[in-house]
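Visitor: Please show me the model. I have some questions about its pocket, salt bridges and sheet.

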Amino acid sequence: MGISYVEFEDEAGITRRYRKHVNGRGLVATTAKVDPTAFVDPKAYVDPGAEVQRAAQIGPGAWIESDAIVAERAVIGVNAHIGRRAVVGRNAVVGPYATLGEGARVQNGARVPRETTIAAGDEYHASTQDLRRLGLAA
C-alpha cells in the first residue's frame, strides 16, 4: 500500500500534511473538513481548517485557504482562489481564475464571473437572474 498523504512546508516553515480526497483525489489538509460527496479535483488544494460541504465541486488548480467555507452545491472554477475565512454560499458559482480576498463572501446562488477579484471583506450579491435560476425571484 502506498503513502496516503503528502507533506508540504508552508511560508512559516511549518510542515502541513495533506491527504487525497476520496472523491477526485485532490489534496485536503488533515485538519480540513470535506464532505465525501464533494468533488476535489486532483490538482486542487484545501488548506487546514477549511470546510467544503455536501456536493460542492472544486475545480483543477483551485485553492481553498485556511478557515474558508464552500457551502453545499457550490462550484469553484479552474484556478480560482478562495482566501482565508472567505465564504462561498450554497449553489454559488465562482468562475475560473476568480479571486476572493480574506473574509470575502459570495451570496447563496451568486455567479462570480471569470477573472473577477472580490476584495477582502467585500460581499458579492446574487443578481436577479441568478435568483431566477434558483426559483427564488419572480
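Guide: What follows is a short round of questions and answers.

Guide: This is a predicted model, so local features need pLDDT of at least 70, side-chain atom pairs count only at pLDDT 80 or more, and totals for chains, interfaces and linings use all residues. Residues are numbered from 1 along each chain as its sequence is written, and side-chain values use heavy atoms, with hydrogens and water left out.

Visitor: What volume does the largest pocket have?

Guide: A pocket is an open set of points on a 1 Å grid over the protein atoms alone, where a 1.4 Å probe fits, with protein on both sides within 12 Å along at least five of seven lines. Points are joined across faces, edges and corners, and the volume is the space filled by probe spheres set on them. For the largest pocket that gives about 320 Å³.

Visitor: Which residues lie nearest the centre of the largest pocket?

Guide: Lining residues have an atom within 4 Å of a point. The largest pocket has 13 of them. β1 (5-9) and β2 (15-20) are the elements that give two or more residues to this lining; strands are DSSP E runs of at least two residues, numbered from the N terminus. Nearest the centre lie Asp10, Glu11, Tyr18, Asp47 and Trp63.

Visitor: How many charged residues are in the lining of the largest pocket?

Guide: Asp, Glu, Lys and Arg count as charged. The lining also has 5 nonpolar residues and 1 polar residue. The charged count is 7.

Visitor: Why does the salt bridge of Arg54 and Glu72 tie together separate parts, and how many residues apart are they?

Guide: A salt bridge puts a side-chain nitrogen of Lys or Arg within 4 Å of a carboxyl oxygen of Asp or Glu. Arg54 and Glu72 meet at 3.0 Å, N to O. Arg54 sits in the loop between β7 (51-52) and β8 (57-58), and Glu72 in the loop between β10 (69-70) and β11 (75-76), so the parts tied together are apart in sequence by 18 residues.

Visitor: Which residues are linked in a network of salt bridges?

Guide: Glu72 also meets Arg73, at 2.9 Å, N to O. Arg73 is partly exposed at 35% relative accessibility (buried is under 20%, exposed over 50%, partly exposed in between, with a 1.4 Å probe and protein chains only). The network links Arg54, Glu72 and Arg73.

Visitor: Which are the edge strands of the open sheet of 6 strands?

Guide: The order is β4-β7-β10-β13-β16-β19, with parallel pairing. Two strands pair if DSSP finds at least two bridges between them. Pairing on one side only marks the edges, β4 (33-34) and β19 (123-124).

Technical notes. Helices (H or I, at least four residues) and strands (E, at least two) are DSSP runs, numbered from the N terminus.
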